[in-house]
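Visitor: I've got a few minutes and a lot of "how do you know that" questions. Could you walk me through this one?

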Amino acid sequence: MTGHETYTKLIGLLEERGARFRIYEHAEEGATEAVSALRGNAVEQAAKCIVVMVKLGKKSKHYVLAVVPGDRRVDLGAVKALMGGSYAGFATPEVAERLARSVSGTILPFSFEEALELVVDPALLEQPEIFFNAARLDRSLALATADYVAIAEPRVEPIAG
């Protein structure tokens, strides 16, 4: 599934569920601070989405889609502890893009892949709306936080540093 297919799937899901959202078209940008400036939102309202690989044993890995406010970093130690792992690190770009079904810089705060567990830091959910690139470098969404939680059904845990 390409970024455009993932974008189309997301918009269809949001429309089907009656979510309150706005689409922003902008210059291609994937960096949280820069795209927040283009959209006009505060950086802490941006959903920064990072795919984390957690080693659970010698031959077992688990992937987490860690979502934190745009002004924070993913605390790898917190993700490792949460999953009961022995190591946590950023997934390779190839693995992250395959699991997220979009390119780096456009990863959604939604998981359409069973092998990718969605975990969101509660600080992001304090915002009335969240903003994120929508599987495309030239499109973003503003989404009502209550609708995001109802549709994405994330595991909510403190994972931001």
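Guide: Happy to. Let's start with Ser111, which sits in the loop between α4 and β5 (116-120). Keep in mind that this is a predicted model.

Visitor: Why is Ser111 called partly exposed?

Guide: Its relative accessibility is 25%. Buried means under 20% and exposed means over 50%, so Ser111 falls in between and counts as partly exposed.

Visitor: What makes the side chain of Ser111 a partner for the backbone oxygen of Leu116?

Guide: The distance. A polar atom of the Ser111 side chain lies 2.7 Å from that oxygen, and the cut-off for a polar contact is 3.5 Å, so the pair qualifies. The backbone oxygen of Glu113 is a second case, at 2.9 Å from a polar atom of the Ser111 side chain.

Visitor: Which residues does Ser111 touch, leaving aside its neighbours within four places in sequence?

Guide: Leu65, Leu116 and Leu118. Tyr24, by comparison, is 87 residues away in sequence and 21 Å away in space, C-alpha to C-alpha.

Visitor: On to Asp75. Where is Asp75 found?

Guide: In the loop between β3 (61-69) and α3 (76-83).

Visitor: And why does Asp75 count as partly exposed?

Guide: Its relative accessibility is 32%. That is neither under 20% nor over 50%, so partly exposed is the right label for Asp75.

Visitor: How far apart are Asp75 and Ala160, in sequence and in space?

Guide: They are 85 residues apart along the chain, yet their C-alpha atoms are 5.1 Å apart. Ala160 is also among the contacts of Asp75 beyond four places in sequence, along with Ile159 and Gly161. Asp75 has a partner in α3 too: a polar atom of its side chain is 3.0 Å from the backbone nitrogen of Gly77.

Visitor: Now Asn133, in strand β6. Why is Asn133 called buried?

Guide: Its relative accessible area is 6%. Buried means under 20%, so Asn133 is buried.

Visitor: Which backbone oxygens does the side chain of Asn133 reach?

Guide: One is the backbone oxygen of Glu29, 2.7 Å from a polar atom of the Asn133 side chain. Another belongs to Gly105, at 3.1 Å. With a cut-off of 3.5 Å, both pairs count as polar contacts. Asn133 also touches other residues beyond four places in sequence, including His26, Val35, Arg39, Leu108 and Ser140.

Visitor: Val35 and Arg39 bring us to helix α2. How do you know that the buried residues of α2 share a side?

Guide: The residues in question are Thr32, Val35, Ser36 and Arg39. They span an arc of only 105 degrees around the axis, so they are on the same side of α2. Among the elements covering them are β1 (21-25), β2, β6 and β7 (139-144).

Visitor: Leu38 lies in α2 as well. Is Leu38 buried, or partly exposed?

Guide: Partly exposed. The relative accessible area of Leu38 is 46%, which is not over 50%, so it misses the exposed class. Beyond four places in sequence, Leu38 touches His26, Ala27 and Glu29. Right after α2 comes Gly40, with a positive phi near 85 degrees.

Visitor: Which residues of helix α5 are buried?

Guide: Thr145, Asp147, Tyr148, Ile151 and Ala152. Their arc is only 160 degrees around the axis, so they also lie on the same side of α5. Glu153, just after α5, takes a positive phi of about 50 degrees.

Visitor: Last stop, the largest pocket. How many residues line the largest pocket?

Guide: There are 23, with Lys48, Cys49, Ile50, Ser104 and Gly105 nearest the centre. Two or more residues each come from α2, β2 (47-55), α4 (93-100) and β6 (129-133). The largest share, five residues, is from β2. The volume of the pocket is about 390 Å³.

Visitor: What classes of residue make up the lining of the largest pocket?

Guide: The count is 14 nonpolar, seven polar and two charged. Gly105, one of the residues nearest the centre, goes in the polar class, because Gly counts as polar here.

Technical notes. Residues numbered from 1 in each chain as written. Predicted model: local features only at pLDDT ≥ 70, side-chain atom pairs only at ≥ 80, totals over all residues. Heavy atoms only, no water. Helix = DSSP H or I, 4+ residues; strand = E, 2+ residues; numbered from the N terminus. Buried < 20%, exposed > 50% of the residue type's maximum accessible area, 1.4 Å probe, protein only. Contact = heavy atoms within 4.5 Å. Polar contact = N/O pair within 3.5 Å; in protein donor to acceptor, adjacent residues only side chain to side chain. 1 Å grid on protein atoms, 1.4 Å probe; cavity = no way out; pocket = protein on both sides within 12 Å on 5 of 7 lines; lining within 4 Å. Points joined across faces, edges and corners; volume = space filled by probe spheres on them. Arc of directions from axis to C-beta.
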